[in-house]
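Good morning, everyone, and thank you for making the time. Please have a look at the chain on the screen, and I will then walk through it piece by piece.

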Amino acid sequence: MKEEILRHLCKSLGKDAAHSSVHDWRVALSLALRDRMVDHWFRSTRETYETRAKRVYYLSMEFLIGRLVEDMAANLGLVEEARAALTELGQDYDAVVLNEPDAALGNGGLGRLAACFMDLLASLGIPAYGYGIRYEHGLFKQDFVDGRQVETAETWLTQRNPWEFERPEVQFRIGFGGHVDHHDGKAYWHPWETVLATAYDTPVVGWQGKWGNTLRLWSARPASKFDLESFNRGDYLAAGRSEALARTISRVLYPDDTTEAGKELRLKQEYFFTAASIMDLLRRFLSDHDDIRELPQYVAIQLNDTHPAIAGPELVRLMSDEHNLPMDEAIELARRCLGYTNHTLLPEALERWHVGLLGRVLPRHLEIIRAIDEDQQARHPGSPRILEHDHVHMGELAFIMAHKVNGVSALHTELVKSTVFSDLHRIHPTRIVNQTNGITPRRWLHTCNAPLSNLITREIGDGWVADLEKLKALNQRTGDREFLDAFSAAKRQNKTELADWIAQTCGIAVDPDAMFDVQIKRIHEYKRQLMNILETVALWNEMRDAPDAEWTPRVKIFGGKAAPGYHVAKQIIHLINDVARVINNDPVTGDLLKVVFPANYNVTMAERLIPAADLSEQISTAGKEASGTGNMKFALNGALTIGTLDGANVEIREHVGSENFFLFGLTAREVVERRHVHGYARAAIEASPRLSRVLGQIADGQFSPEDSSRYHGLVGGLYDHDYFLVTCDFDSYFDTQRRADQVYRNGSNWAAMALRNTASMGWFSSDRTIRGYARDIWQVDAVDRAGLEMTA
Ligand code: OAK
């Protein structure tokens with residue numbers, strides 16, 4: 001390893017060791033690791049060709065990967081070797097690992113899930129490709145200026161990305177606009193604008209390096225050559241026009257994970273990567289099959305939400321316009337290949353495009369969508385329409401074009417059946433299935449939490465890393481004093497490290513013995529960070545009223561970004577920062593209560609915060625969080641959850657036991673009923689002196705003396721249209737928090753409950769999720785090409 005690192009430093013980077021920076025060492029290490037992946041990767045590809053195995057194609061607008069060095073080193077079993085090599089070379093391994101920028105090619109849950117799935121597809125030896133966009137700029141960087149969120153461009157690609165292989169030879173022409181001619185019973189699309197999609201491949205090797213798949217990200221290039229004539233005339237803008245247009249397409253990730261971007265560029269991005277992916281997989285299929293009718297036997301395409309839903313019409317277009325299949329047969333064949341995962345029920349996140357826009361950008365696809373709509377009507381008269389009120393409804397399109405549609409938690413799937421797709425569900429009663437989300441245990445315990453991971457391995461061996469259900473053995477230790485002490489000590493170590501980091505980055509001293517109460521996720525009204533900060537103020541009030549009472553010291557930790565155009569979410573961020581400033585400087589409460597909100601939450605920060613958390617905040621309005629995956633990461637790392645019966649919380653509670661979960665709040669059904677009660681929010685506020693007091697303080701400017709009316713709108717909104725029922729759940733949330741305080745004061749009881757959480761989370765490995773997709777949707781074998789050897 002040492003020689004390989006030095007060789008890359010010298011031969012690939014052109015640096016000598018004496019003059020190399022941390023960056024250089026990190027790139028050299030990454031290249032050395034990548035070398036070790038290549039053999040596994042080639043072998044897997046060869047085996048897939050030889051056995052003509054069915055391949056899975058996971059199409060996703062987002063892959064929220066984070067850093068890769070440690071992940072790759074861990075999967076290859078090379079962490080210790082890499083550490084030793086760098087140490088011998090006089091380098092600090094941890095500093096080298098930390099030098100890597102986060103690949104933030106995603107907004108939140110959907111993108112991170114895609115990244116976890118890539119790990120598991122490789123670990124289970126399922127031949128698979130992840131397809132997405134190689135954004136030049138990932139999710140924006142967040143700073144706070146006077147408590148307000150300020151966004152700047154993220155620049156991960158300004159440094160060399162050592163993981164990828166550029167594939168200039170893999171190129172597809174992607175057309176936009178133009179017109180369609182019909183003659184001789186055939187359609188001919190003449191786009192007026194074309195860009196090239198070129199591929200960049202990152203090998204993804206699974207646990208213990210036995211199998212390697214590919215994450216293929218597309219970058220846009222100009223299709224026409226640089227216009228030298230214009231340039232020579234001095235018209236520099238015209239000379240670079242086609243280049244500028246192409247680069248725009250893969251330039252930036254849309255920073256909004258809930259609202260329809262509504263922009264032509266977004267639609268072009270979606271078509272760009274979907275079309276390139278479909279063309280690529282068809283080319284691969286046709287390279288060793290003659291009959292396109294066999295496609296569903298060899299190809300499973302999963303749509304990660306509706307962003308790649310144009311895959312249906314694109315497949316139909318290629319099969320009918322270019323391979324001369326009858327339209328109805330093409331539709332049926334496409335359907336047998338496609339699966340669609342729904343990740344949200346929020347109406348504003350359900351994509352729909354105006355027919356004018358879609359017809360302008362993709363005229364042939366609009367014709368095909370009409371044909372699909374008619375085909376569905378002919379087979380199922382009265383079925384919901386894809387095209388309605390001048391809009392193309394991508395959810396309906398994805399549903400109708402998929403042979404299976406899945407939700408991401410049991411509750412969510414039931415709501416998918418009974419709300420957004422209730423009519424389609426009646427027509428196709430077996431199409432909707434559930435696949436509760438999962439997380440990769442490698443990143444989310446083994447790598448991110450060394451103290452706990454080592455303790456578990458000492459106790460039960462290392463089999464749990466490949467088979468997370470083995471954690472169940474820890475249930476026998478919940479009465480073992482000595483083990484519980486060791487379990488608590490691991491948590492304490494993580495908390496101390498986090499406290500040091502908080503002191504360095506936020507300048508706030510926090511006590512590692514206080515309860516670390518963490519809410520990290522996108523800032524959104526339905527996730528109710530607002531309720532959390534209101535509860536913080538209420539607690540502060542009561543601590544100040546009786547500072548000598550028996551309090552459980554708390555550190556409230558927040559992390560998350562707001563979509564740049566989401567005004568209320570940005571106000572919530574501002575409020576948290578304003579409240580933090582006041583509370584953190586209050587000598588009366590001192591160490592009893594601190595509020596910390598480090599800027600720029602990302603995967604790396606999650607890896608730091610989750611192992612150190614005592615309490616996990618999963619407090620969304622019931623019925624709104626499709627699943628959540630952060631909830632799983634926390635529980636796996638031995639945090640107790642305070643949560644509503646929402647998303648996967650329901651199943652987590654079933655697995656860890658209701659006595660080890662702090663439940664509060666209205667159920668999904670009660671939420672719907674409560675909204676029908678006239679004046680429900682005002683009534684809830686009036687019935688709660690505690691909440692009234694807090695809202696009064698905020699509205700009066702107690703936390704924003706420089707601008708006392710800053711939160712009039714936010715507080716007024718709660719009185720008048722508290723759609724997410726913060727007011728109704730507030731008292732039960734406050735009381736449940738106090739129950740958590742009490743349990744925390746009895747440390748050993750808390751530790752036993754936390755251990756039950758860790759021990760019971762095996763089911764939430766994405767191993768189980770991917771096996772579910774393989775069995776119920778893709779019809780591929782999780783043959784454990786990797787796993788058989790692993791368990792041998
Ligand atoms: C993003 C854009 C459009 C639609 C949904 C999303 C999204 O991120 N949804 C999230 O997906 C996660 C993975 O399934 C779930 O755990 C979250 O609950 C859901 O909000």
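**A walk through the predicted model**

Let me begin with a small detail: Asp390 is found in the loop between strand E15 (387–388) and strand E16 (391–393), and please keep in mind throughout that what we are looking at is a predicted model. Asp390 has a positive phi of about 65 degrees, although Asp390 is not a glycine. Is Asp390 buried or exposed? There are 10 other C-beta atoms within 10 Å, and residues with 12 or fewer count as exposed, so Asp390 is exposed.

Arg528 can be set beside it, since here too phi is positive, near 65 degrees, in a residue other than glycine. Arg528 lies in the loop between strand E19 (515–520) and helix H22 (529–545), and Arg528 counts as buried because there are 28 C-beta neighbours inside 10 Å.

A third loop residue is Leu645, which sits between strand E23 (640–643) and helix H26 (649–656). Leu645 has 19 other C-beta atoms within 10 Å, and so it is partly exposed. Leaving aside residues up to four places away in sequence, Leu645 touches Ala622, Val650, Leu663, Thr667 and Ala668. Of these, Leu663 is 18 residues away along the chain, and the C-alpha atoms of Leu645 and Leu663 are separated by 7.4 Å.

Now let us step back to the whole chain, which is divided into domain 1 (52–67 + 102–437) and domain 2 (458–666 + 726–764). Their C-alpha centres lie 35 Å apart, and 35 residues of domain 1 are in contact with 30 residues of domain 2. On the side of domain 1 that touches domain 2, the elements giving two or more residues are strand E2 (63–66), H6, strand E5 (141–145), strand E6 (148–152) and helix H17 (410–418). Sorted by class, that side of domain 1 has 12 nonpolar, 14 polar and 9 charged residues.

What about the interior? The largest nonpolar core has 232 residues, and those that touch the most other members are Leu29, Tyr57, Leu121, Phe272, Ala334 and Ile576. The largest share of this core, 10 residues, comes from helix H6 (residues 109–123). Because domain 1 and domain 2 both give residues to this core, it lies between them. As background, nonpolar side chains in soluble globular proteins tend to be buried together. To take one member, Phe272 touches Ile174, Val195, Ala197, Trp218, Ala220 and Ile249, again not counting residues up to four places away in sequence.

The ligand also brings the domains into one picture, since the shell around the ligand draws at least three residues from each of domain 1 and domain 2. Which of the 17 residues around the ligand come nearest? They are Gly109, Leu110, His343, Ala626 and Ser627, and the shell divides into 5 nonpolar, 9 polar and 3 charged residues.

I will finish with two helices. Helix H12 (residues 311–322) has 12 residues and reaches 15 Å from its first C-alpha to its last, close to the 16 Å expected. H12 is mostly covered, with 9 of its 12 residues buried, and H12 is followed by Asn324, whose phi is positive, near 60 degrees. Helix H15 (residues 363–379), with 17 residues, reaches 25 Å, close to the 24 Å expected, and its buried residues include Leu366, Ile369 and Asp373.

Terms used. Residues numbered from 1 in each chain as written. Predicted model: local features only at pLDDT ≥ 70, side-chain atom pairs only at ≥ 80, totals over all residues. Core = buried A, V, L, I, M, F, W, Y, C linked by C-beta atoms within 7 Å. Buried ≥ 20, exposed ≤ 12 C-beta atoms within 10 Å, placed from the backbone. Helix = DSSP H or I, 4+ residues; strand = E, 2+ residues; numbered from the N terminus. Domains from an automatic or database assignment. Contact = placed C-beta atoms within 7 Å. Near = placed C-beta within 6 Å. Nonpolar A, V, L, I, M, F, W, Y, C, P; charged D, E, K, R; others polar. Expected span 1.5 Å × (residues − 1).
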